[in-house]
Structure formats: C-alpha cells, structure tokens
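Colleague: I've got some questions about how you put labels on things in this one. Can you pull it up so we can go through them?

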Amino acid sequence: MKTDFLVIGASVTGINVARELKQRFPDNTVAVIDKENGCARHSSGRNSGMLDAGFSWPADSLKARFSRLGNQQLTQYCESNRIPVNKCGELVIARDEDELSVLDDLQRRAEGNGVKMEQADPRSAREIEPRARVCEQALFSPASAAVDPVAVMRQMEQDARDAGVRFYYATSYLRKAGDEYITTLGTVQAGYVVNCAGLYADRIAQEFGFAANFRLLPLKHSYLESSDVPGAFRTHISAAADLSGSYPGVHIALSVDGKARLGPAVKPALWREQYHGAEGFQPFEMSRVVGVGLGQMFQGGKEICKACLQRFTGSAHSRLLSAGNRLAREIRAGDYRDWARPEIQPQLVNTETHRMVSDFVIEGDSKSMHVLNTVSPVFTCSMPLAQHVCDQIAAVGR
Ligand SMILES: Cc1cc2nc3c(=O)[nH]c(=O)nc-3n(C[C@H](O)[C@H](O)[C@H](O)COP(=O)(O)OP(=O)(O)OC[C@H]3O[C@@H](n4cnc5c(N)ncnc54)[C@H](O)[C@@H]3O)c2cc1C
C-alpha cells in the first residue's frame, strides 16, 4: 500500500485527525489502519459519553483549551447529524464546610477557562437535582451533557469515508523498516505517520525516537450501573474537592437516555488490554507493566504512592457506594449491583519527575506525529485536538 498519510488507530483521535488531514490536504491520500475489526473497539467506544464543559482543568493545559471548544463542536456535530444529546448539565457540590473554599477555587478556574458556571444555594440546587446532598453551596454547569459514544463514532467514521479517507481493519502496525512500515496487511509506504494508537501509542512513539521519558501504566476504570428508572437523576453530580486536582473522583454520570452510573473504581490493569480476568493474557506486557509500576513507586516515593493509593483505595464496591451516598440520597446497594463494561486509560508516568502525566502529550517531527496520554476527556476534546495535531504537523513542515 502507498499513502501520503498513514493514521494508526480508527478511534476518536485517529478518525478526527484523518478527517482533518483530508480536509486540509484534499489531493493527498489518507489511510487509517486498526488492528480490530471495526472502529472504536477500545476507549472511544467504551467511555461514559459525558461531554465535559471544561471548567475544572488547569488554565494552562491542553485539556482546558480543548474541552470547552470540543464540547461546543461535538454538541453541534451531534445536532446537525441528528444524534441525541442529553443536555443534563452537571451539579458540582460542596459535601461539607471544608469544601466550600474549593468550590470558590473551581468557580475562579471556570471563569479563567471561559466556562459558564451558575451559583446554586441549597434550595435552587434541590430544584436542579432533588437527590443531591448540598452543604450550603453548589455550582451548576449547563454545558455538561451526555451522548452515545458508539453512535458518534459510527457517524464520524462514515463522514471520514465520505470525505475519501480509506480504512483498513484487522490490520496491525508491527514495526518500522527504514522509510517503510510493516503491518499485518503488508508493507506500507507512507509520506507521514500519525500515531493515535491509544494504549499502544507510547510503544510506537518510542520506536520513532519519541516519548523517551514516559512509561505507560494501564489503569482499569469501572462504573456501577444503576437499575433505577431513567430520569431518577436529572444531572451529572460531582464533588468540588474531587474535581480540583488533575484526576476526577467518584461521580454520578448520566447516559444519553438518562440512566445513572456511579464510579469510577480504578485499578491497575496487568497488561494493556486486560478487560476481563486472564482473557488475552500477555506475559511480556505484564512483566513490563508490573516493573514500571513498582519501579516508579519505588523511585517516585511518597508522591506516586499517594497518587496510586488515592485512586485505588476507593475502588471496592462498598467504598464506591459510600462515596455515592455523600453525593446523593438513596444510593442503595440493591440498585447498584452490575458493573458496566470496563475501560482502560493509557496513563503515562514521567520517568524524570515520577509523576502521573495529567495533560495530553504531542511529539513529532517532519516524518511522524504521536498523540500520547489520551486520557479523559479526549472524547470531548477530539475535534479541536485533531485540529491542533494537524497544526503541529504543518508547523514541522509537512
Ligand atoms: C472509564 C472512562 C470513562 C471515560 N469517559 C469519558 C467521557 O465521559 N468523556 C470524555 O470526553 N472522555 C472520556 N474518557 C476518555 C476517552 O474515552 C478516551 O480518552 C478516548 O476515547 C481515547 O481515544 P483514542 O482514540 O485516543 O484511543 P482508543 O479509543 O483507545 O483507540 C486507539 C485505537 O488504536 C488501535 N491500535 C492500537 N495499537 C494498534 C496497532 N499496533 N495497530 C493498529 N491499530 C492499533 C486500537 O485498536 C484502538 O482502536 C473516559 C475514559 C475512561 C477510562
């Protein structure tokens, strides 16, 4: 195969990058390969479908830049393609008096990011979400919403095909051989490679000489699904204190049809796609992942141990329920028995600072570009992120 652009990964990042490339370079050929039999078989098809409004991310981050814009662009995209959007909004609460100052900080952060947040006293918060447990104050984000990620991905893939992007499924990228690329389909001659391989993006980037200071820790996220009727909650609910750091804590997320999920429970996965037990066991990957995890905890000392502990201790069913009960009334064990399909985040650790990387990372040169650490909320950010990746490609002279 010969192509001007080769994109690895038929998922929300890869498909948006491919569409954007085809729009900017209509005379060039753009091919997308994916090792699976169809698009969005990993994070992009498994996530909660929340459209993040962008109020909580640090002002200087790519996440802050792209989530507000991505929320607007994706909402518009869904509306113009008649894909349902649940415009439920998000109520951010203070759970106790200590969290009131965090709520103020969050409001300042939202203002800095240009995101509208409405003040809500306990009475108006009750009108927005009767079940929320509010201590004195809450904030309401009207732009937060929910979509069906699989429906969005199907439409994006079809649009890319209509624009002339070619898709090759069941085709794994294997390795580089000089200026050619070996895949399970055969050798590809490509003018430029864009690596959007999610859980494998770091490995491919390292082969090209990038991502030298990063190691990947696959983190499995699971949500409890509520058997309550749709509409039992009216909005997403989260706690200000859990949003003030780089990683969201336990929250209640609504789906496009109004069903509630409680989570996430976070655990390390032993290999990159360890969704269920020993299915797809990868002994080599497991030894690397365990080595990276232990090595970073040992070298990073208190900092990384604390970050890991904070994430993993909240993961048991009972702890998740008690965290849920601090957010809303009547979270009963009987209504939260079933786990939704788990998802795995390609979390990067910086081997120099021994810290988990919070923001997206983009590295590349005139031959290839690598999109790394595509953690939440990449789904929301995908359209402006793809535009940014293509700006980077233009900037390096392609
Ligand atoms: C529990 C959870 C909930 C989330 N909820 C939200 C949310 O509500 N809102 C939001 O905005 N974001 C959310 N996210 C984040 C979002 O889902 C992901 O960040 C996003 O989907 C990542 O997309 P991606 O295209 O980068 O990667 P992926 O979707 O993982 O795609 C990578 C693709 O590359 C392919 N690939 C890998 N290696 C190769 C290879 N060697 N050859 C060929 N193909 C290869 C894979 O098969 C895959 O299709 C959530 C994340 C988690 C963990």
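Modeller: Here are the labels, each set against its cut-off; keep in mind that this is a predicted model.

Colleague: Let's start with the ligand. What makes serine 11 a polar contact of the ligand?

Modeller: An N or O atom in the side chain of serine 11 is 2.5 Å from an oxygen atom of the ligand. The cut-off for such a pair is 3.5 Å, so the serine 11 pair counts. Tyrosine 173 gets in through its backbone, with a polar atom 2.9 Å from a nitrogen atom of the ligand. Serine 376 uses a polar side-chain atom, 3.4 Å from a ligand nitrogen.

Colleague: How much of the ligand does the protein cover?

Modeller: 96% of the 1000 Å² of accessible area that the ligand has on its own. The shell has 12 nonpolar, 17 polar and 4 charged residues, and H12 gives the most to it, with 3 residues.

Colleague: Now the charged pairs. How do you know that glutamate 273 and lysine 35 form a salt bridge?

Modeller: Their side chains meet at 2.7 Å, N to O, and the limit is 4 Å, so the pair qualifies. Glutamate 273 sits in the loop between S15 and H9, and lysine 35 in the loop between strand S2 (30-33) and H2, 238 residues apart.

Colleague: Why is lysine 35 called partly exposed?

Modeller: Its relative accessible area is 33%. Buried needs under 20% and exposed over 50%, so lysine 35 falls in between.

Colleague: And arginine 161 with glutamate 157: what separates them along the helix?

Modeller: About one helical turn, because they are 4 residues apart in helix H6 (residues 149-163). Their closest N and O atoms are 3.3 Å apart, and they form a salt bridge. Arginine 161 is partly exposed at 36%, while glutamate 157, at 11%, counts as buried.

Colleague: What about arginine 272 and aspartate 202, buried or exposed?

Modeller: Buried: arginine 272 has a relative accessible area of 9% and aspartate 202 has 4%, and the cut-off is under 20%. Their side chains meet in a salt bridge at 2.7 Å, N to O. Arginine 272 lies in the loop between S15 and H9 and aspartate 202 in helix H7 (residues 201-207), so the pair ties together parts 70 residues apart in sequence.

Colleague: Last one: why is glutamate 279 called exposed?

Modeller: Its relative accessible area is 54%, and exposed means over 50%, so glutamate 279 makes the cut. Glutamate 279 lies in the loop between strand S15 (260-268) and H9.

Key:
Residues are numbered from 1 along each chain as its sequence is written. This is a predicted model: local features need pLDDT of at least 70, side-chain atom pairs count only at pLDDT 80 or more; totals for chains, interfaces and linings use all residues. Side-chain values use heavy atoms; hydrogens and water are left out. A polar contact is a pair of N or O atoms within 3.5 Å; within protein, one must be able to donate a hydrogen and the other to accept it, and residues adjacent in sequence count only if both atoms are side-chain atoms. Accessible areas come from the Shrake-Rupley method with a 1.4 Å probe; for residues, only the protein chains shown count as cover. Helices (H or I, at least four residues) and strands (E, at least two) are DSSP runs, numbered from the N terminus. Ala, Val, Leu, Ile, Met, Phe, Trp, Tyr, Cys and Pro count as nonpolar, Asp, Glu, Lys and Arg as charged, and the others, Gly among them, as polar. Buried means under 20% relative accessible area, exposed over 50%, partly exposed in between (1.4 Å probe, protein chains only).
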